[in-house]
Amino acid sequence: MADHHEMTKTTPKEFAMATLGGLFAPGLAIFLIVMLVVSIQSRLSGQEAEAAADKAVRERIKPFGVSVAIDPNVPRVEMTGEQVYNEVCTNCHGSGALGSPKYKDAGAWGKRIAQGWPVLLDHALNGFNKMPARGGEPDLSDLEVARAVAFMTNAAGGKFEPVLKKEVEPTPAELARGKVVYAENCASCHDTGTTGAQKLTDAKAWEPLLKQGKDYLYTAAIKGTFGGPAKGGNDKLSDADTRLAVDYMVDQARASVAKAAKPAEKKAAAK
Ligand code: HEC
Ligand code: HEC
């Protein structure tokens, strides 16, 4: 009896083992749950980082002329013309140092502006006498330099868009052909504005489109990478004819934008 009693008596050591064993299982479970949560969290933040990188890339490949919002979460966003001017160009052009045309000095800029956009852009990108290439900042992108040139020259009476390539203007014969193609394939929507097509007389709709440049519009019209149909829905239309129709549309739209701008200018002058 006494022996039997002895055998079932729990020693302090056994008691400790049992307690630890009892704690071990829930402890392991808690540990595994914590690990699971941590791994889900890190996977989620990985996805967030990917999304941010994705957004940054999309910001950078945006078509030219679209103003880029400055978002501190996006690593490298192209600067606006004003930002580039303030960071780099003002070092000389702010004061007229080294004989540079001074900011807002229409007299100093007049003849230079008259050279036209391609020359101004070329001199800013590649340097000209004491004007260093890219203002001495090789890290500036072509577009950033172009924006800064437009910013400075427009402050002195220029009217430039920061486009990188000189756009080839259609000849009168090409425009006439474009008008015919347009009438046959595009007018049904773009004369009336059906289905949300931009009417050629709608300056507000065309102003931002024109800023995208013709390459964008050609691609949009040929591939239909917008709300409208590719080639106006006529798959027998050649790429070349579609481009001519776009040339005609751009020509008409520019006229609408210019017409809409005039009363606004008059109002501004009257003030
Ligand atoms: C180190 C001084 C310096 C800096 C910085 C500088 N420029 Fe200039 N820039 C000049 C000088 C000097 C000229 C006049 C060159 C001449 O006509 O001989 C000039 C001329 C120009 C012209 C007119 C070229 C022409 O054909 O008449 C443009 C456009 C221009 N700069 C753009 C820029 C832009 C954009 C930046 C900033 C990214 C910039 N510059 C930064 C010194 C500078
Ligand atoms: C069936 C109607 C329709 C026809 C026909 C049509 N379009 Fe459009 N087009 C649209 C619509 C709708 C949009 C506007 C999409 C949007 O909201 O951006 C558009 C937009 C455009 C744009 C601007 C691109 C953009 O980003 O919005 C161009 C350029 C264009 N069309 C060219 C053409 C040309 C060239 C033709 C003839 C060959 C043509 N379209 C025929 C409906 C049409």
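Visitor: How do the residues of the shell around ligand 2 divide into nonpolar, polar and charged?
Guide: In this predicted model, the shell around ligand 2 consists of 14 nonpolar residues, nine polar ones and one charged residue.

Visitor: How many residues surround ligand 2, and which are the closest?
Guide: Ligand 2 is surrounded by 24 residues. The closest are C186, C189, H190, Q198 and Y216.

Visitor: Which elements give two or more residues to that shell around ligand 2?
Guide: They are helix 8 (187–190), helix 10 (214–223) and helix 11 (239–270). The largest share comes from helix 10, which supplies four residues.

Visitor: And where is H190 placed?
Guide: H190 belongs to helix 8.

Visitor: Which protein donor does the iron atom of ligand 2 have?
Guide: The only protein donor is H190, through its NE2 atom, at 2.0 Å from the iron. In addition, an N or O atom in the side chain of H190 is 2.9 Å from a nitrogen atom of ligand 2.

Visitor: What about Q198 and ligand 2?
Guide: A polar atom in the side chain of Q198 lies 2.9 Å from an oxygen atom of ligand 2.

Visitor: Is C186 buried or exposed?
Guide: C186 has a relative accessibility of 12%, so the residue counts as buried, because the cut-off for buried is under 20%.

Visitor: Let us change to ligand 1. How many residues surround it, and which are the closest?
Guide: There are 25 residues around ligand 1, and C89, C92, H93, H123 and M131 are the closest.

Visitor: How exposed is C92, then?
Guide: C92 has a relative accessible area of 24%, so this cysteine is partly exposed. That class covers values between the 20% limit for buried and the 50% limit for exposed.

Visitor: Which helices supply at least two residues of the shell around ligand 1?
Guide: Helix 3 (81–93), helix 4 (106–114), helix 5 (117–126) and helix 6 (142–154) each do so. Helix 3 gives the most, with five residues.

Visitor: Which side chains have a polar atom that lies a short way from an oxygen atom of ligand 1?
Guide: For R112, a polar side-chain atom is 2.6 Å from an oxygen atom of the ligand. For N129, the corresponding value is 2.8 Å. In the case of H123, a side-chain N or O atom is 2.4 Å from an oxygen atom of ligand 1.

Visitor: How do the residues of the shell around ligand 1 divide?
Guide: They comprise 16 nonpolar, six polar and three charged residues.

Visitor: One last topic: how many disulfides does the structure hold?
Guide: The structure holds zero disulfides.

How values were computed:
Residues are numbered from 1 along each chain as its sequence is written. Chains are lettered from A and ligands numbered from 1 in the order in which they are written. This is a predicted model: local features need pLDDT of at least 70, side-chain atom pairs count only at pLDDT 80 or more; totals for chains, interfaces and linings use all residues. Side-chain values use heavy atoms; hydrogens and water are left out. A residue is near a molecule or strand if one of its heavy atoms lies within 4 Å of it. A polar contact is a pair of N or O atoms within 3.5 Å; within protein, one must be able to donate a hydrogen and the other to accept it, and residues adjacent in sequence count only if both atoms are side-chain atoms. Ala, Val, Leu, Ile, Met, Phe, Trp, Tyr, Cys and Pro count as nonpolar, Asp, Glu, Lys and Arg as charged, and the others, Gly among them, as polar. Donors are N, O and S atoms within 2.8 Å of the metal (3.2 Å for Na, K and Ca); water is not among the atoms, so sites may look incomplete. A disulfide is a pair of cysteine sulfur atoms within 2.5 Å. Buried means under 20% relative accessible area, exposed over 50%, partly exposed in between (1.4 Å probe, protein chains only).
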